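Q: Please take a close look at the second largest pocket: what lines the second largest pocket, and how do α9 and α10 pack?

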Amino acid sequence: MPVKPELLLPAGDPEKLQYAIAYGADAVYFGLPMASLRTPSKGEQFTPTNLGRWIDYCKAHGVKAYITTNIFAGNRDIDRLIPHFEQLADLKPDAVILSDPGVFRSARKYAPNVPVHLSTQANTLNVSACAFWQDLGVERVILAREVPVREMAEIHEQLPTLQLECFVHGSLCVAYSGRCVISDYLTDNTKNSNKGMCGNSCRWEFDVVEKTRPDQVYTMEEDEKGSYLLNSKDLCLVRYLPELQTAGICSFKAEGRTKGVHYVATVGRVYREAIDYGAASSEQIARWEEELEETANRGFTEGFLHGKPGSTAYTYESAQSQSQATFVAATEGEINADGMLKIQGRNRFMPGEDLTWMTPEGVLQSTLAEAVDERGFKTDVIQPNQWVWVMPPRGVSEETLRWALVRRKERVPVAG
């Protein structure tokens, strides 16, 4: 019987790390902005000063902490990573994730006690490459997104002691596992796309201009669907988890360190339930996919799971993310003497609306009866960043309400 895979969720900052753990992560991946292939988000960041505290937070909750050091490093980057690895040798995270051979060499020298996971950025596609890294001491390979499931199974069969991880959800890049410099050419040259500052230039809409006719613009079209030819849909493999588990995948990973807490919590909740559920009916899978559509997405695809993606793997009409729901409020669990819960608006909403409350214990529907502002007055509209008191749905524990997220289901137009 295959071992139950871990759920590995993104933690772009300390707030997202806490939500990832609350919503079922077995492991989280995070790191310092200078080393982790992601630009900093707003709010508190991971720093050398607080990194140990958040690693300890993971350990206290029984969750593994994987530290990302997967940039494509120049000489100065290697020099800056030395004290980082020396610190990690003392902090003892569960693994470091890296892709560059020079970074690997530094990690082995300055943090020899920390296990190494090979990043998907290393573009590992075959048995021989996996064996090469295993011979060097790598414990886990995060396979390139381009590896089909049948070849995952072959790698596991030939290298049964090597841990294999793969992405199951999130944004996809049209380049080989993120190896792209389009953004470097088309945006501010201080933004290095392979150090986490990609401008998503592949999502832009492009026209063609013939050199001798500079005033005549031609719009690129394919099957009259539009011109976003490089705009891949997002990966969603929730229906294929049993197949991946049978192939020997030990860790199901979600992309999304730059995305918000609503995305992290929703993806965590759905995939936690799917992993625990095991074999599910088509109706249950459809419900999971419907809930995932309530996060920002560009439509879903299975990517390379069963071979080369076809034309339906791209969104031609627009580069904008879409969602079947709007994230309207978050809480911090504070309840007053009247039993009302303090929440903060994230998008505009009003009393009288039908809302969905998502908690680690489940999803509940509730109509918001009223909202009281911090001065004690009823309010007709809750604005972004405004704190108000509301009556929470019944049957939810106070501990669970600490992590509750509130969203409004959007009405989707029906054709005809």
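A: The pocket comes first, then the two helices.

This is a predicted model, in which local features need pLDDT of at least 70 and side-chain atom pairs count only at pLDDT 80 or more, while totals for chains, interfaces and linings use all residues. Residues are numbered from 1 along each chain as its sequence is written, and side-chain values use heavy atoms, with hydrogens and water left out.

The second largest pocket has a volume of about 390 Å³. A pocket here is an open set of points on a 1 Å grid over the protein atoms alone, where a 1.4 Å probe fits, with protein on both sides within 12 Å along at least five of seven lines. Grid points are joined across faces, edges and corners, and the volume is the space filled by probe spheres set on the points.

The lining consists of 19 residues, and E290, E294, T356, Q365 and K409 lie nearest the centre of the pocket; a lining residue has an atom within 4 Å of a point. Two or more lining residues are given by each of α9 (261–277), α10 (282–292), β15 (354–359), β16 (362–367) and β19 (405–409). These elements are DSSP runs numbered from the N terminus, helices being H or I of at least four residues and strands E of at least two. Helix α10 gives the largest share of the lining, five residues. By class, 13 lining residues are charged, three are polar and three are nonpolar. In this scheme Asp, Glu, Lys and Arg are charged, Ala, Val, Leu, Ile, Met, Phe, Trp, Tyr, Cys and Pro are nonpolar, and the others, Gly among them, are polar.

Helices α9 and α10 pack with their axes 9 Å apart, at an angle of about 165°. Axes are lines fitted to C-alpha atoms, for helices over the stretch in contact, and angles run from 0 to 180 degrees between N-to-C directions. The angle therefore makes α9 roughly antiparallel to α10, a term for angles over 145 degrees. The crossing of α9 past α10 is left-handed, that is, the near helix is turned anticlockwise from the far one by less than a right angle.

On the α9 side, the contact is made by T266, V267, R269, V270, Y271, E273, A274 and Y277, and on the α10 side by Q284, W288, E291 and L292. Contact means heavy atoms within 4.5 Å. The residues of this contact are seven nonpolar, two polar and three charged.

Notes. Parallel < 35°, antiparallel > 145°, perpendicular 65-115°, else oblique.
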